[in-house]
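Subject: Structure handover

Hi,

Here is the structure I promised to pass on to you. Have a look at it first, and then read on for my notes.

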Amino acid sequence: MTATPDSQRIVVLIGSGFESSRNSAVAGEPSILEKLLDDSPDETELSVISFGLRSDVISGAQHVRLMRSDYGRLDRLFDRLGLFDLRGKLAEYSIGRLLNSISPTDQGRVFWRTVRRNVEALQLLTNSDIAIAADIHSTRTAWFAVKKKWVGRALYDHRATSLGSFTTNQTASPE
């Protein structure tokens, strides 16, 4: 939290990764991010940390793109063993989604581990005042950022990406 009183830094977290993101904007309903930008001081720095997206989510924002090449040793092992493929198959069933949510291959856990390992993403997060989780998979990272006092507040706003040119067909294909 290094912003001056006349500025604030906001980071939008998108952890959906290579699974098709379900971020959406509800017409006529302003996002929390829009409200923050409208009520914010003159200088607001907006940045994005995403997993598996190649294109810009919010135009003009600094964007740290995390890819599978950023996996740590544990996630590379899970990938080689086919556990991420199994996670996709289990996600088709309600009991499988429950099992996925408590497994180490849960997308939220993978996103958090990947952010922790990436110096640029970690620095961007620790230098922000507000972390906005744009999907359910990024809430763990936002929560840890508040718990570790890297950011002053964390918010959940699935409409945050509506400010840019984000569509689900812009997700990166697996490497």
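A word on terms to begin with: helices here are DSSP runs of H or I with at least four residues, strands are runs of E with at least two, and both are numbered from the N terminus. By that count, helix 4 covers residues 94-102, and Ile 95 lies in it. Please keep in mind throughout that this is a predicted model.

**Overall layout**

The protein chain has seven helices and five strands. Going along the sequence, they follow the pattern β-α-β-β-α-α-α-α-α-β-α-β. The chain has 175 residues, and buried ones make up 44% of them.

**The nonpolar core**

The largest nonpolar core holds 23 residues, and the members that touch the most others are Leu 13, Ile 49, Leu 66 and Leu 125. At least two core residues each come from strand 1 (7-14), strand 2 (43-51), strand 3 (62-66), helix 5, helix 6 (119-126), strand 4 (130-133) and helix 7 (139-147). Helix 5 gives the largest share of this core, with four residues.

Leu 125 deserves a look of its own. This leucine sits in helix 6, and its relative accessibility is 0%, so it counts as buried. Its C-alpha atom is 7.5 Å from that of Val 151, although 26 residues separate the two along the chain.

Leu 13 also has a partner far along the sequence: the C-alpha atoms of Leu 13 and Ile 136 are 9.9 Å apart, with their positions 123 residues apart in the chain. Ile 136 belongs to the loop between strand 4 and helix 7. Is Ile 136 buried or exposed? Its relative accessible area is 58%, and because exposed means over 50%, Ile 136 is exposed.

**Helix 5 and its salt bridges**

Why is helix 5 described as largely enclosed by the rest of the structure? Eight of its 11 residues are buried, so the description fits. The buried ones are Gln 107, Gly 108, Val 110, Phe 111, Trp 112, Arg 113, Thr 114 and Val 115.

Arg 113 is worth finding on your screen. It forms a salt bridge with Asp 75, and the closest N and O atoms are 2.5 Å apart. This pair links distant parts of the chain, since Asp 75 is in helix 2 and Arg 113 in helix 5, 38 residues away. Both Asp 75 and Arg 113 are buried.

The count of salt bridges comes to four. Another of them joins the side chains of Asp 106 and Arg 109, at 3.7 Å from N to O. Asp 106 has 15% relative accessibility and so counts as buried, while Arg 109, at 24%, counts as partly exposed. There is also a salt bridge between Arg 159 and Asp 157, with the closest N and O atoms 4.0 Å apart. Arg 159 and Asp 157 are both buried.

**Two patches on the surface**

Which residues gather in the patch of positive charge on the surface? They are Arg 73, Arg 76, Arg 80, Arg 116, Arg 117, Lys 147 and Lys 148. Helix 2 (73-80) and helix 5 (107-117) each supply at least two residues of the patch, and helix 2 provides the largest share, three residues. Arg 117 is found in helix 5, and with a relative accessible area of 52% it is exposed.

The other patch is nonpolar. It is formed on the surface by Tyr 93, Ile 95, Leu 98, Leu 99 and Ile 102, which together have about 550 Å² of accessible area. Ile 95, the helix 4 residue I began with, is exposed, with a relative accessible area of 56%.

**A backbone detail**

Most residues other than glycine have a negative phi. Lys 149 has a positive one, near 60 degrees. This lysine is in the loop between helix 7 and strand 5 (153-156), and it is exposed, with a relative accessible area of 66%.

That is everything from me for now. Enjoy looking through it!

Best wishes

Note on methods
Residues are numbered from 1 along each chain as its sequence is written. This is a predicted model: local features need pLDDT of at least 70, side-chain atom pairs count only at pLDDT 80 or more; totals for chains, interfaces and linings use all residues. Side-chain values use heavy atoms; hydrogens and water are left out. Patches are made of residues with over 30% relative accessible area and no salt bridge: like charges are joined within 9 Å, nonpolar side chains (Val, Leu, Ile, Met, Phe, Trp, Tyr) within 5 Å. Accessible areas come from the Shrake-Rupley method with a 1.4 Å probe; for residues, only the protein chains shown count as cover. Lys and Arg count as positive and Asp and Glu as negative; His and the chain ends are not counted. The place of a charge is taken as NZ of Lys, CZ of Arg, CG of Asp or CD of Glu. Buried means under 20% relative accessible area, exposed over 50%, partly exposed in between (1.4 Å probe, protein chains only). A nonpolar core is a set of buried Ala, Val, Leu, Ile, Met, Phe, Trp, Tyr and Cys residues joined through side-chain atoms within 4.5 Å.
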